[in-house]
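Student: I'd like a close look at a single part of this protein, with the rest brought in for context. Could you walk me through it in one go?

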Amino acid sequence: MTHSHDMPPGLGPLTSLTHTHDGHTHTHLSGEVPAGPPQRLHLHGVVLPEGDERDLWLHDGVISFEPVADAITVVSSGFIMPGLVDAHCHVGLESHGAVSEQRAEEHAITDREVGTLLIRDAGSPLDTRFLQGRDDLPKIVRAGRHIARPKRYSRNFAEEVEPDELVNEVVTQAERGDGWVKIVGDWIDRDAGDLTPLWPKDVAAEAIAAAHEHGARVTAHCFDERSVRELVDAGIDGIEHGTGLDDETIQKMAANGTSLVPTMVNLENFPKFAAAGEAKFPRYAAHIMALYERRFETIGKAVDAGVPVYAGTDAGGVHGHGLIASEIELLAKVGGNDFALGAASWNARRWLGHPGIEDGAPADIVVFADDPRVNISVVREPVVIILNGRVVGGASGS
C-alpha cells in the first residue's frame, strides 16, 4: 500500500530520504524547521486512543481543544496519535562504543523520521545532554551509562565496577541521568559457559535502595531466569528483555508494577547470538535458543498477567535506529494491535511522565491515513509528524 500526503503551503520545504529495512522500502520526508515560534495549525481526524472524531488546534507548540484563529489545516482526515515512544534506545552508542556528537544527532533524527518523538535512552557511554531541549529532536529521558562488571559485557559500553563498588556507581549514574539507572543483570560467565548474574542479590538490593533515595528508578538487562528472579525480588523497577521470566516472577512484577520492555526486535537476533557462541560456549548457545523459542509465550504471559509492558527497539549497539514500527508489529503478535499501540504511545508516555493528546500538552503528534487498530502495519507510514507544534516530516511507503 502506498500513501502520499501533500503539505499545505507555508510549512517550509521538505527533503526526502528513501531506504529499505525489514523488507520494506520507505521515503521519509523531513521538514526544515522554520525559524521563530511554531505556526498555528489545525488537525481533524480520529484521535486515539479514545477513537473520537474531533478537531485539534496547535499554537505556541502546544495542543488546544479550542479553536485558534488563522490556523493552517494540515490534517483533514486520518488517525491522530500521541507521538511514538522508543522506551529502550541507545542514542550515541554503536557496536564499538561511543560515537561522535554529530552521529548521535543522526540517531535522534532517524528516530524522529519514523515518528518516534520520545526516547528513554537505556544507557549510553556518550553524554547526550547536548541533544536535550532542542525543539527539532525527540525528547530524551536518559539513564546515564550502563553499569556492568569488568569483562562481563560488551566492550566500551558500560561503566565497569566490581560488586563492592556497585552502590556508589548507581548513585553516580542516578545523578547523571534523568530518573533512571541501567544495570546489566546477566551476561556470559566464561567459567560457567553460560549466562549467570553479575551481582549478589543483597548488593543489588542495596544499590536499588540507594537509587531510590536519589530519586531514580533502576532497570536491568536480563536474559536468563536467575537474574530476573533475583532482581525482581530485590525490588527493581524495570526489566529489559525478560526472556527468562517464570510464572512466579511474572506475578510478582504484576503485583509490584515492575515494568517490562521486551525489545522484541532484539530477541529476533538470539539465533545469531547462539551461532556466534556455539563453538566456545555450547551451553550458552542452547540456553539462548531455548529462551528464543518460547519468547512469545513468555512475554504473552506477562501481558496477560497485567505486567506494564512498553515498546523498545534496543537501537544502538547491534541495531540501527528507526525500528519502532517493527517493534510495534511484534508486540501486536503478543497482545493485539490496541495493546501494541498503547505500549508505543499513550501508555508509554504516561509511564515516563510525558502527556499524550491533552489540552496544553506539547504538540508531539503522529498521523496515519488508515486505522492502525485494524491494520498494524500502518505504523510504518505516518503521513504527518509534528514535534513541538512544527511539522517535521511524514512518509510514503511502498
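In which loop, between which two strands, does Phe 157 lie?

Tutor: Happy to! Keep in mind that this is a predicted model. Phe 157 lies in the loop between strand E12 (147–148) and strand E13 (159–160). Let's begin with that residue, go along its loop, and then visit other parts of the chain.

Phe 157 has a relative accessibility of 8%, which is under the 20% cut-off, so Phe 157 counts as buried. Leaving out residues up to four places away in sequence, Phe 157 touches Leu 93, Glu 94, Ser 95, Gly 97, Pro 125, Arg 145, His 146 and Gly 317. Take Pro 125 from that list: Phe 157 and Pro 125 are 32 residues apart in sequence, yet their C-alpha atoms are 5.9 Å apart in space. The ring of Phe 157 also has aromatic company, since ring pairs link Tyr 153, Phe 157 and Trp 187 into a cluster.

Two other residues of this loop are worth a look for their backbone. Lys 151 is placed in the loop between E12 and E13, and Asn 156 is found in the loop between E12 and E13 as well. Most residues other than glycine have a negative phi. Lys 151, however, has a positive phi of about 60° although it is not a glycine, and Asn 156 has a positive phi near 70°. Their surroundings can be read from accessibility: with a relative accessible area of 74%, over the 50% cut-off, Lys 151 is exposed. Asn 156, at 43%, counts as partly exposed. The loop therefore holds the exposed Lys 151, the partly exposed Asn 156 and the buried Phe 157.

Another backbone feature sits in a different loop. The peptide bond from Leu 48 to Pro 49 is cis, with omega near 15°, whereas most peptide bonds are trans. Pro 49 lies in the loop between strand E3 (41–47) and strand E4 (52–59).

Back to aromatic rings. A search of the whole structure finds six aromatic pairs. One of them is formed by Phe 223 and Phe 270, an edge-to-face pair with 4.8 Å from centre to centre and 70° between the planes. This pair links distant parts of the chain, 47 residues apart: Phe 223 is in the loop between strand E17 (217–222) and H4, while Phe 270 is in helix H7 (residues 270–277). Phe 223 and Phe 270 are both buried, and for Phe 270 the relative accessibility is 0%. Phe 270 also forms a pair with Phe 273, this one tilted, at 5.8 Å centre to centre and 40° between the planes. Phe 270 and Phe 273 both lie in helix H7, three residues apart, about one turn of the helix. An α-helix has 3.6 residues a turn, so residues three or four places apart point the same way.

Helix H4 (residues 225–233) has buried residues of its own, namely Ser 227, Val 228, Glu 230, Leu 231 and Val 232. Just after H4, Gly 235 takes a positive phi of about 95°.

Rings also meet charged side chains here. Arg 54 lies over the face of Phe 65, 4.2 Å from the ring centre, and Arg 295 lies over the face of Tyr 292, 3.9 Å from the ring centre.

For helix packing, look at helix H5 (residues 247–256) and helix H9 (residues 295–305), whose axes come within 9 Å and cross at roughly 35°. The contact is made by Asp 247, Ile 250, Gln 251 and Ala 254 of H5 together with Thr 298, Lys 301, Ala 302 and Ala 305 of H9. By type, these residues divide into four nonpolar, two polar and two charged. H5 passes H9 in a right-handed crossing.

One more residue deserves a stop: His 88, in strand E8 (residues 84–94). With a relative accessible area of 1%, His 88 is buried. Its contacts beyond four places in sequence include Arg 120, Lys 182, Glu 240, His 241 and Asp 314.

Finally, the wider frame. The protein has 12 helices and 23 strands, and buried residues make up 59% of its 398 residues. Among contacts with a separation of 6 or more, 66% are between residues 24 or more positions apart.

Terms used: Residues are numbered from 1 along each chain as its sequence is written. This is a predicted model: local features need pLDDT of at least 70, side-chain atom pairs count only at pLDDT 80 or more; totals for chains, interfaces and linings use all residues. Side-chain values use heavy atoms; hydrogens and water are left out. Helices (H or I, at least four residues) and strands (E, at least two) are DSSP runs, numbered from the N terminus. Buried means under 20% relative accessible area, exposed over 50%, partly exposed in between (1.4 Å probe, protein chains only). Contact means heavy atoms within 4.5 Å. Rings of Phe, Tyr and Trp (its six-membered ring) pair if their centres lie within 6.5 Å; planes under 30 degrees apart count as stacked, over 60 as edge-to-face and the rest as tilted. A charge sits over a ring if NZ of Lys or CZ of Arg is within 6 Å of the ring centre and within 35 degrees of the ring normal. Axes are lines fitted to C-alpha atoms, for helices over the stretch in contact, and angles run from 0 to 180 degrees between N-to-C directions. A crossing is left-handed if the near helix is turned anticlockwise from the far one by less than a right angle, and right-handed if clockwise. Ala, Val, Leu, Ile, Met, Phe, Trp, Tyr, Cys and Pro count as nonpolar, Asp, Glu, Lys and Arg as charged, and the others, Gly among them, as polar.
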